[in-house]
Amino acid sequence: MDYKKLSAAAQASFSENGYVLIKGMLNPEEVKKLYDIAIHDQVISNKSFDRGDANGLRTKLALWYSLGDDAYSLLARSKRIVEGVALLLGGEPAHFHSKLMQKEPKVGGAWEWHQDYGYWYRDGFLYPQMLSVLTALSPSTRENGCLQVIKGSHLTGRIEHGFSGEQVGANQERVDELLKRLELVYVEMEAGDTLFFHSNTLHRSDANLSDAPRWSLISAYNLISNKPYKGNYPSATEAIQVVNDETLLASNSEGIQEDANFLVK
């Protein structure tokens, strides 16, 4: 089976725009396996917590640091993903964390404008040599609160962040000025599409007021040499044990283990 890989053109788009969308990075069988596992994963359900938006709607997520042999980790460790991250970061990557976002119909909350490095700067990472890889497990549309990005905003560098309710958001004055100058993009995705985006790319999402769920798997990666000076994130500077792209479907792996070093709210 042919698996999609990032090209030099994808690298150029990422450098210019702060993100690149790869259509059909996962095939339908892989998406079905991951989504079926996720919706029945009792550990994920038990370890999930929620974050509220300004209107009281809430989005569930589970976040963990350790990679294992579960289905989610086999995707995060897959050759096509790790080699793509290495191309975009310009060196060997390490896995920082992964999370399963569960934006349910009618109740899934919005996320404020933010940069991931706005959070990770506080975790002790000195350089924004980091990115996120978001794979849609179900269709992501304007109606169900797809990701929005400000094209080219990664070039502004880190913006100050502060608390907005239960979330951390970027300085709104600067965001408003950037929106006057740069393009706002709604990143609509089919299940199996994958978005690679820079840690300084401004992004947000609306609430899911539709009848359709929006589930996505997001893995964050760090340049292995970008060692944080504080915190306890051992995986963020460890080499990834890469697996072949065929492994996800060939494996009998199921849901995640309880010892995956989950973030506790």
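Okay, aromatic pairs to begin with: this structure holds 10 of them. Keep in mind as we go that what you're looking at is a predicted model.

Let me pick out one pair, Tyr35 with Trp215. The two rings sit edge-to-face, 5.8 Å centre to centre, with 85 degrees between the planes. What does that pair tie together? Tyr35 belongs to helix H2 and Trp215 to strand E13, so the contact links parts that are 180 residues apart in sequence. And are those two residues buried or exposed? Trp215 is buried, because its relative accessible area is 7%. Tyr35 comes out at 21%, so we call it partly exposed; the cut-off for buried is under 20%.

Another pair to find on your screen is Trp64 with Tyr72. This one is tilted, with 5.6 Å between the centres and 50 degrees between the planes. Trp64 and Tyr72 are both buried. There's also an aromatic cluster, made up of Tyr65, Phe96, Trp120, Phe125 and Tyr233. Hold on to a few of those names, as they come back.

Now, the cores. In general, for soluble globular proteins, nonpolar side chains tend to be buried together. Here the largest nonpolar core has 40 residues, and the members touching the most others are Trp64, Tyr72 and Phe196. So which residues turn up in the second core? That one is separate, with 25 residues, including Tyr19, Val185, Val187 and Tyr233. Tyr233, you'll remember, is also in the aromatic cluster.

Back to helix H2, the home of Tyr35. H2 runs over residues 28–39, which is 12 residues, and spans 16 Å from first C-alpha to last, close to the 16 Å expected. Its buried residues are Glu30, Val31, Lys33, Leu34, Ile37 and Ala38. Why do they end up on the same side of H2? Because they cover an arc of only 165 degrees around the axis. It helps to recall that an α-helix has 3.6 residues a turn, so residues three or four places apart point the same way. Over on the other side of H2, you'll find Pro28 and Lys32 exposed.

And what covers the buried residues of H2? Among the elements doing that are helix H4, helix H5, strand E4, strand E13 and helix H8. One more detail, at the start of H2: Asn27 has a side-chain oxygen that comes within 3.1 Å of the backbone nitrogen of Glu29.

Let's hop over to helix H5, where we find Lys79. Lys79 is partly exposed, since its relative accessibility is 35%. Leaving out residues up to four places away in sequence, Lys79 touches Lys5, Gly84, Val242, Val243 and Asp245. Take Val242 from that list: Lys79 and Val242 are 163 residues apart in sequence, yet their C-alphas are 5.9 Å apart in space.

Last stop, Ser235, in the loop between E13 and H8. Ser235 counts as buried because its relative accessible area is 14%. What lies 2.8 Å from a polar atom of its side chain? That's the backbone oxygen of His95. If we again skip residues up to four places away in sequence, Ser235 touches Tyr65, Ala94, His95 and Phe96. Tyr65 and Phe96 should sound familiar, since both are in the aromatic cluster. That's my tour, thanks.

Methods: Residues numbered from 1 in each chain as written. Predicted model: local features only at pLDDT ≥ 70, side-chain atom pairs only at ≥ 80, totals over all residues. Heavy atoms only, no water. Core = buried A, V, L, I, M, F, W, Y, C linked by side-chain atoms within 4.5 Å. Buried < 20%, exposed > 50% of the residue type's maximum accessible area, 1.4 Å probe, protein only. Helix = DSSP H or I, 4+ residues; strand = E, 2+ residues; numbered from the N terminus. Expected span 1.5 Å × (residues − 1). Arc of directions from axis to C-beta. Contact = heavy atoms within 4.5 Å. Polar contact = N/O pair within 3.5 Å; in protein donor to acceptor, adjacent residues only side chain to side chain. Phe/Tyr/Trp six-rings, centres within 6.5 Å; stacked < 30°, edge-to-face > 60°.
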